[in-house]
Structure formats: structure tokens, C-alpha cells
Amino acid sequence: MPLTPNAPTPDPQDIEPPVPGLRRWWRKQSAARQDRFAMLAPLIAVVLFLAAIVTAFSYLRLEEQERETEAIKRDVEYAQQRMRLRLLERQEQLMRLAHDMNNLEVAPSEFPKRAEVLALQFPELQTLSWVDERRRVRSSHAAPTPLALTPRVPGEPLRGTEAEAMFGVARELMQPVYSQPAAGTENGGLLQLHIPLGDRNRFIGVLLAEYSIESVLRYAVPPEVSAKYAVALLDAHNQLLAGSSVAPRLAARLPWIDEGINAYEVPISPVGNGLVLRAQAWRTSQGLIGTGLFWLVLALSGLTAWTLIGNWRHTRRRLQAQRALLAETTFRRAMENSMLTGMRALDLHGRITYVNPAFCQMTGWGEKELIGLMPPFPYWPDADREVLAARLEDELRGRTIPGGFQVRVKRKDGSLFDARMYVSPLVDAKGNQTGWMTSVTDITEPNRTRAQLEAAHQRFTAVMEALDASVSVAPLGSEELVFANKLYRQWFGGLSQGHLALVADAGRPAPSASEAEREATSDEVDALAGLPADAIESVQSESAEIFVVGLDKWLEVRTRYLTWVDGRLAQMVIATDITARRRAEALAAQQAERAQTASRLITMGEMASSVAHELNQPLSAISNYCNGMVSRIKGRQIEEADLLAALDKTARQAQRAGQIIQRIRSFVKRSEPNRTESEVDNMVGEAVELAEIELRRHNVRLSHYVAARLPKLLVDPILIEQVLVNLLKNAAESINAANRPAPLRNVELRVVRQAIEGLAGVEFTVRDSGRGLAPEVMERLFEAFFSTKAEGMGIGLNLCRSIVESHQGRMDAKNIYNGAEVAGCVFSFWIPEPGATRDMTDKSTGVTA
């Protein structure tokens with residue numbers, strides 16, 4: 001509401017300066033500047049008047065101080081001349097006495113009489129002493145004065161630091177020397193004069209005269225000067241020796257007042273003793289600045305300035321309030337004009353009294369066309385007029401809906417849009433209700449968006465219900481199930497126990513008895529405690545395969561974290577039925593196992609002749625030993641020791657044949673995979689024993705090297721031996737097919753520790769000197785049922801690679817070149833160490849491959 005001033009303020013434009021030039025300048029200024037100048041001009045005039053009064057009083061005061069300073073200078077210089085002449089006169093009288101002493105006209109016995117005469121003549125003279133060249137007093141006299149100084153005792157040395165120093169100066173200069181007394185010292189009240197004594201340019205002592213400084217000041221300063229000023233003698237350090245000074249009463253209260261303007265000081269020259277004569281004018285008043293008239297003018301000026309400042313501040317606050325009111329009104333009008341929400345005001349009878357631009361833009365009707373209208377309003381649709389009229393009647397009677405209501409509104413062009421209206425009472429500044437204020441919001445687009453969202457939700461629900469996988473979502477730390485599709489409800493019902501069981505089974509393997517006991521006795525802490533929710537959401541999904549006993553199904557469970565629509569951190573579980581795939585994998589594993597057994601049988605079938613030859617040697621030896629023993633026993637030509645030795649050899653050959661048969665039986669025996677921590681040396685030894693039979697048949701030499709301190713491997717030793725035997729057998733066949741000469745028929749087996757991609761493991765390498773592999777063969781080397789042998793089945797290398805990869809290992813083959821010629825082939829496979837095997841867990845699924 002606009003503010004009502006207490007009194008009318010004159011328009012600054014009405015104030016006309018008398019000077020035409022100032023009038024033109026005044027009219028060029030803005031209204032705010034004119035107001036400011038109009039208020040500041042009287043204040044500046046008062047301040048200038050006060051400054052003029054202060055300047056006048058200050059000028060008069062300075063003139064008075066200059067006159068006082070000139071007068072005190074004249075008087076002090078006059079007193080200085082009097083004191084200097086008096087001291088020079090006394091110095092001349094003492095120098096005459098010293099001259100008589102130099103001419104031996106004065107004996108030490110006559111010295112006191114002459115000194116007494118001088119002391120009576122000069123009242124400021126206190127003592128006279130005759131000091132010889134060894135600083136010993138020959139004679140001394142003290143004047144009978146109130147100070148009552150004790151004369152120096154003849155024969156004693158001259159004492160006193162200042163006296164001894166001046167004695168030496170007088171002896172050096174051979175001139176009269178005055179001492180420099182200081183306040184608070186032993187001679188602070190005496191002025192000493194050392195007059196040197198000489199006999200034909202030979203120093204024989206001094207005449208020491210001591211003056212009372214107080215007496216010098218009293219008798220030397222004229223009485224008229226002492227009456228007008230406080231006269232004092234100061235030492236070289238400006239310390240008081242004699243006399244008095246005026247206390248700085250006003251300066252202690254007003255530090256800015258210069259206290260030295262009524263004082264003057266001069267040195268007592270040409271004595272050269274450092275004495276300074278100072279005079280200060282006696283104070284006749286308190287030293288206050290100006291007179292009563294000055295303080296009266298100052299008080300009235302201050303009162304006038306304070307009144308003008310108060311008036312200026314009051315006017316300034318009024319102007320600020322008016323500007324604030326104008327800014328607030330402009331701001332509110334700008335807000336109303338820039339609002340996207342339509343505003344409509346009705347009086348108590350339902351007449352439109354106000355509409356904002358947004359309302360006019362919504363309806364298409366202008367402000368002049370709407371203000372003053374009574375219902376029915378032109379923006380009411382024809383079909384909804386009865387409903388809107390009834391609702392308006394409820395509004396006028398105060399029956400409003402706090403949450404608003406939705407209606408249809410007709411534009412001027414006849415089109416309709418959806419709107420939501422909120423009605424509230426319109427209250428004036430006195431608290432009386434003058435009508436009703438209605439806010440209108442166009443909700444056509446939100447309604448369209450809501451309909452699209454509902455359709456999208458229906459499509460999403462249809463898709464989720466048709467999935468052949470179970471989908472469920474539950475917040476962390478809660479047993480509430482916020483979403484479950486149709487398949488989940490078929491399997492687990494509408495409860496969250498199935499969701500939690502899937503998460504628990506997929507997250508960790510079943511614990512052992514000891515682990516279960518530890519978990520039962522330990523405090524359970526959420527593994528995700530303290531982690532930020534956004535970091536948990538960004539984690540990749542985890543996957544695991546579990547068997548659900550209640551469903552008799554294998555399920556692949558995938559979980560991930562997400563933020564639910566209410567802001568809570570939740571976990572989604574997708575469970576897919578993989579029972580058919582697991583059964584197919586089990587059947588494939590059985591077929592692979594049969595293929596491995598068949599491969600071993602085929603290998604032993606191919607090695608049958610070599611095995612028969614290998615068994616023929618111990619059997620022939622057993623037969624020979626038995627025939628020999630029978631012959632010698634019949635001829636009674638054998639002793640017991642020879643018989644035991646022959647039987648022992650026979651038993652060893654039989655044991656050898658049994659080991660060969662047992663090794664072959666173990667190799668071809670079909671058994672379930674059994675991974676244990678196996679020694680590399682033992683596996684290599686068994687494989688070499690089996691392969692050497694085939695190698696000897698092909699006339700191929702085998703050299704093998706096994707590194708020391710190899711770690712144990714978590715493998716099935718029979719399968720690893722099968723891989724080694726197949727590789728060694730293929731190497732021998734490759735050398736035989738190449739028709740290599742005897743020196744080049746070599747197969748090398750090396751077993752060393754090797755790290756691949758940061759994982760530690762053991763590498764097995766079989767190197768032959770055959771004719772290598774052709775490029776087209778290299779591309780299909782490990783394919784099933786592919787073989788370069790006429791009688792081969794093509795499953796050997798494929799099975800070898802399957803066996804190695806089932807142990808998380810790798811297998812590779814490459815040719816060896818001697819220049820451009822192929823000099824052989826290298827087959828190698830790598831098995832990781834047990835620790836490295838655990839590190840090869842699939843990070844994306846959480847399940848070991």
C-alpha cells in the first residue's frame with residue numbers, strides 16, 4: 001500500500017536559485033540530486049559558519065601567542081646576558097688570584113684569607129681549593145652559606161668523577177674549564193670552574209672554584225624577569241638543576257595543545273658548560289580556548305546542524321520507503337505478468353475484478369473483455385455450464401476444495417483444454433474478505449503424459465508377465481516384495497521368501513558345518529554397510545547357477561542393484577530355468593569322458609606291438625632264468641647263493657612285467673575325474689615310461705627336463721598323462737614320417753614354471769624334429785574328427801585341448817624354422833597353479849569357469 005507522509009514535501013523543482021547560471025545548472029540535475037542538494041546546502045552553510053568562527057578565534061589566539069613569545073624572548077635573552085656577564089666577572093677575579101699564585105705571591109697559608117675575601121664578595125661562590133698537579137688539595141676554603149659545604153681537607157686527593165675529568169681537560173688545554181653538572185649526581189647543585197696554574201708553561205695544578213647553581217640563578221636573573229616568568233636552569237639533557245617550571249595542566253587533558261608556545265630557553269654561552277636557561281610565563285587562567293561567546297556560537301551551530309541532519313535523515317527514510325514501495329509494486333506486477341499460472345479475482349457477487357496476462361493468454365480473451373463480467377463466463381464450455389455454475393456457487397459460499405478441481409476451459413477460438421483450479425479467499429490489508437482468488441493451470445500436457453505413462457506401464461507389465469524368466473525386486477534390508485512377474489508368482493507365490501532364498505543361494509556356496517557354527521555365533525553385519533548407494537548401483541550384475549530342490553530345477557540367477565521409484569536401494573533378481581541345458585551339459589560331459597577313454601584305448605591299440613615287445617623282454621628273461629636253474633639243479637651244479645640270486649632276478653623281471661601291465665591298465669581304465677594336488681615329477685615320469693615304448697619302436701631318442709621346486713598342480717593326473725603321451729607319440733610319428741636320419745631323431749620334453757598374463761603356472765613343451773605343420777593344417781589342428789593320418793580318427797588333439805582347457809589352461813602349437821625351412825614343431829600347454837586357478841573366477845558372473 002502507498003505510504004502517506006505526515007507533511008507535504010516541497011517539490012525540488014520549485015526551489016529556484018537566484019543566479020541565472022545556477023538556475024540552468026539546477027534544472028539539469030535529476031530530482032534525486034536536487035533533493036540531496038536541497039538538504040545538504042543548509043548543513044554545509046552551518047558547517048562553514050562554524051569553521052569561520054573557529055578560524056577567527058584561532059587567528060586571534062595565534063596573534064596573542066606570538067606577542068607573548070616575543071616578550072619572553074626579549075626577557076630571557078636579557079637574563080642570559082646578565083648571567084653570562086656575572087660569570088665572566090667572577091672568572092676574571094679568580095684568574096687574578098690564579099696569576100698571583102703562579103707568581104708565588106700567594107702562599108698556601110695565605111690562600112684561605114684571599115678565598116674568604118672572594119667568598120664574601122661573591123655570594124654564589126661556595127668553595128675555593130688549591131689542587132696541585134698530583135690532584136692533591138694543598139689548601140681549601142668554604143664559604144659560610146646555608147648549604148654548609150665542608151671544605152676539602154689539605155693533603156687528600158681530589159675526589160669526584162666530574163672533578164677528575166675536568167682536571168684532566170684543564171691540564172690538557174691550559175684554559176679555564178667549566179664542568180657539566182647533571183641532575184641527581186653528586187655535584188648536581190654545583191658548577192665547578194677549573195683554572196689551570198702554570199710556572200713557565202709547566203702545569204703545577206688548578207684553582208678549583210665551585211658555584212651554587214641555585215645562587216647563580218637567584219643573583220644573576222633580574223627581579224623583573226623572575227616576577228613575570230618561572231625561570232630555571234637545565235643541564236645538557238634538559239633535566240632541571242635549579243629554579244621552577246609551570247605544570248602542564250591543560251596539556252595533560254588536551255594533548256593537541258602546544259604547551260611550548262609560552263616558554264623559551266637559551267644556552268649560557270660562552271661558558272660552554274651545557275647549562276640552559278629556560279623561562280615560562282606564569283598562567284593566569286585555565287587555558288581554555290576562546291571565550292564564552294565562542295562556546296555559545298559553537299553550541300548553537302551544533303544544535304542547528306543536528307536539527308538539519310535529523311530532518312535530512314527523516315526525509316531520506318521517506319524517500320527510501322517510497323522507492324521501496326514503488327520497487328515492490330513493480331516487482332509484484334512483473335511477477336504477475338511473467339507467471340505461467342493464470343490468476344482470476346472475483347468479488348463477493350461473482351464479478352470478475354482482475355485477470356493476469358497468463359489467464360488472458362490461456363483463454364484468448366483480453367483483460368478489458370473479461371473484467372466486470374458476471375457468470376456465465378465466455379470461457380465456459382456450453383456442455384459444462386450447469387456444472388461450472390454450480391461449482392461457482394459453492395465457491396461463493398465458501399465450500400472450496402483444498403486440493404483444487406479439474407475443469408475444461410474454452411478458448412476464444414472454440415478449442416478446449418484441461419485446467420486445474422485452486423480457489424482461496426481474497427483478504428485486504430484490514431483483514432476483511434473482499435472476494436475470491438482463483439489460480440488456473442493448464443494441465444493438458446500433464447494429462448497427455450500421464451496417459452502415455454499408463455499405456456507404457458501396461459505394455460511393460462504385459463512384456464514382464466510374458467517372460468519365461470522369473471523377475472522380482474525387493475528393497476535391501478526389508479522383506480517387502482515390490483515387484484514380481486507371473487512366473488515368479490507361479491514358482492514362489494506372492495511372498496518375498498523365494499526372492500531372498502535365490503539371493504542367498506546365488507551369493508555364496510553352502511557353508512560347511514564349522515562355518516555354519518561360526519556364522520551362528522557371530523554378529524551378522526550387512527556386507528554393503530557403509531557403501532554409497534550410487535556406487536552399488538553401478539556394479540555389474542552377478543550371475544550364478546543353483547539347484548532349487550522345491551522346484552526340482554536348475555536356475556540361472558542374475559542379480560543387480562537399482563534405485564526403486566521411491567528412492568530406496570533395491571535388488572532385482574532374474575531367475576531363468578536352465579534344467580534342460582544342464583542335462584545336455586551333463587550328457588556332453590559323459591560323452592567327452594567316453595571319448596577320452598576311447599582315445600586312450602586307441603592309443604594303447606596303436607602301441608600294442610610296442611607293448612608286446614616291451615613285455616617280451618622280462619618274460620624271456622624269466623624263462624631263461626627258470627630254464628637255467630632247472631638245468632643246474634638237475635646236474636646238481638648250483639649252490640644255494642646262486643639259486644637265490646637267480647630267483648631274485650626272476651622276481652624283479654616279473655615285477656617289471658607287472659608294473660608295465662599295471663601302468664597300461666591304469667592308463668586305459670575308465671574312472672571319474674579326480675582332481676587332486678599332484679606332483680609334476682610323478683606325472684611326467686609315468687607319461688615318459690608309457691611313451692618310451694612307442695619312441696623306441698620308432699627309434700627316437702627322448703630327452704626331458706623338469707625344473708626343480710615346481711608347485712603341485714590341482715589336476716587329474718591320468719588326464720594330464722594322457723595329454724603328454726599323445727603329444728610324445730605324435731612327435732615320434734612326425735619324426736618317423738619325415739625319415740629323419742638317426743642324429744636328428746630327437747624329441748625334447750621341458751617342464752618349467754611360467755607366468756601368463758600375470759597368472760603363475762607350469763608350462764609343458766614337446767619339441768620334435770619332424771616336418772612341421774602346413775598352414776592349412778595349423779588352422780584346423782584342434783578341430784574334432786580332423787586328422788592328417790590315413791588311419792586317424794581326429795579326436796586326439798581335440799581331446800587334449802579339451803582336457804587342458806577344463807583345467808583352466810591353454811594349448812598352442814607352432815612350427816620351428818631353420819631359415820626358410822621347417823625344422824620341426826613345438827606343442828605346449830600351460831596349467832595354472834592352484835592359487836592362480838582361484839584368481840581366474842569370472843568376475844562378471846561370480847562363478848568359477
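Begin by selecting Glu 679 and Lys 712, whose side chains form a salt bridge with an N to O distance of 3.8 Å. The pair connects distant parts of the chain, 33 residues apart. Glu 679 sits in the loop between strand 20 (676-678) and helix 20 (680-697), while Lys 712 occupies the loop between strand 21 (701-706) and strand 22 (713-715). Both ends of this contact can be located from the surface: Glu 679 is partly exposed at a relative accessible area of 35%, and Lys 712 is partly exposed at 38%. The model under view is a predicted one.

**Stop 2: a network of charges**

Next, select Arg 86, Glu 89, Arg 90 and Glu 124; salt bridges with shared partners join these residues into one network. Side chains of opposite charge can pair when their charged atoms come close. Across the structure, the count of salt bridges is 29.

**Stop 3: a salt bridge between a strand and a loop**

Move to Lys 410 and Asp 382, where another salt bridge spans 3.9 Å from N to O. Lys 410 belongs to strand 12 (residues 405-410) and Asp 382 to the loop between helix 10 (367-370) and helix 11 (385-396), so the contact ties together parts that are 28 residues apart in sequence. Which of the two partners is buried, and which is exposed? Lys 410 has a relative accessible area of 18% and is therefore buried, the limit being under 20%. Asp 382, at 58%, counts as exposed because its value is over 50%.

Remain in the loop between helix 10 and helix 11 and select Pro 376, which is found there. The peptide bond joining Pro 375 and Pro 376 is cis, with omega at about 0 degrees.

**Stop 4: a salt bridge within one helix**

Now select Arg 448 and Glu 445, whose side chains meet in a salt bridge of 2.3 Å, N to O. How far apart are Arg 448 and Glu 445 in helix 12? They are 3 residues apart in that helix (residues 444-466), which means a separation of about one helical turn. Arg 448 is partly exposed at 40% relative accessibility, and Glu 445 is likewise partly exposed at 47%.

**Stop 5: a positive patch on the surface**

Select Arg 33, Arg 36, Arg 313, Arg 316, Arg 317 and Arg 323 together; these residues gather in a patch of positive charge on the surface. Helix 2 (31-102) and helix 8 (292-338) each supply at least two residues of this patch. Which helix gives the most to the patch? Helix 8 does, contributing 4 residues. Arg 316 is a convenient residue on which to centre the view: it lies in helix 8 and is partly exposed, with a relative accessible area of 42%.

**Stop 6: a contact between distant positions**

Follow helix 2 to Gln 65, which lies within this helix. Gln 65 is buried, at a relative accessible area of 14%. Add Asn 262 to the selection. Although Gln 65 and Asn 262 are 197 residues apart in sequence, their C-alpha atoms are 7.2 Å apart in space.

**Stop 7: two loop residues with positive phi**

Proceed to Asp 552, in the loop between strand 17 (542-548) and strand 18 (553-563). Asp 552 is not a glycine, yet its phi is positive, at about 55 degrees.

Then select Asn 699, which is placed in the loop between helix 20 and strand 21. This residue is also not a glycine and has a positive phi, of about 60 degrees. Is Asn 699 buried or exposed? Its relative accessible area of 55% makes Asn 699 exposed. Helix 20 and strand 21 already served as landmarks at the opening stop, where they helped to place Glu 679 and Lys 712.

**Stop 8: cysteines**

Finish with Cys 626 and Cys 800. Cys 626 is partly exposed, with a relative accessible area of 31%, whereas Cys 800 is buried at 1%. How many disulfides does the structure contain? The count is 0, a disulfide being a pair of cysteine sulfur atoms within 2.5 Å.

Note on methods:
Residues numbered from 1 in each chain as written. Predicted model: local features only at pLDDT ≥ 70, side-chain atom pairs only at ≥ 80, totals over all residues. Heavy atoms only, no water. Patch = residues over 30% accessible without salt bridge, like charges linked within 9 Å, V, L, I, M, F, W, Y side chains within 5 Å. Areas by Shrake-Rupley, 256 points an atom, 1.4 Å probe, with all protein chains shown as cover. Salt bridge = Lys/Arg side-chain N within 4 Å of Asp/Glu carboxyl O. Lys, Arg positive; Asp, Glu negative; His and termini not counted. Charge placed at Lys NZ, Arg CZ, Asp CG, Glu CD. Buried < 20%, exposed > 50% of the residue type's maximum accessible area, 1.4 Å probe, protein only.
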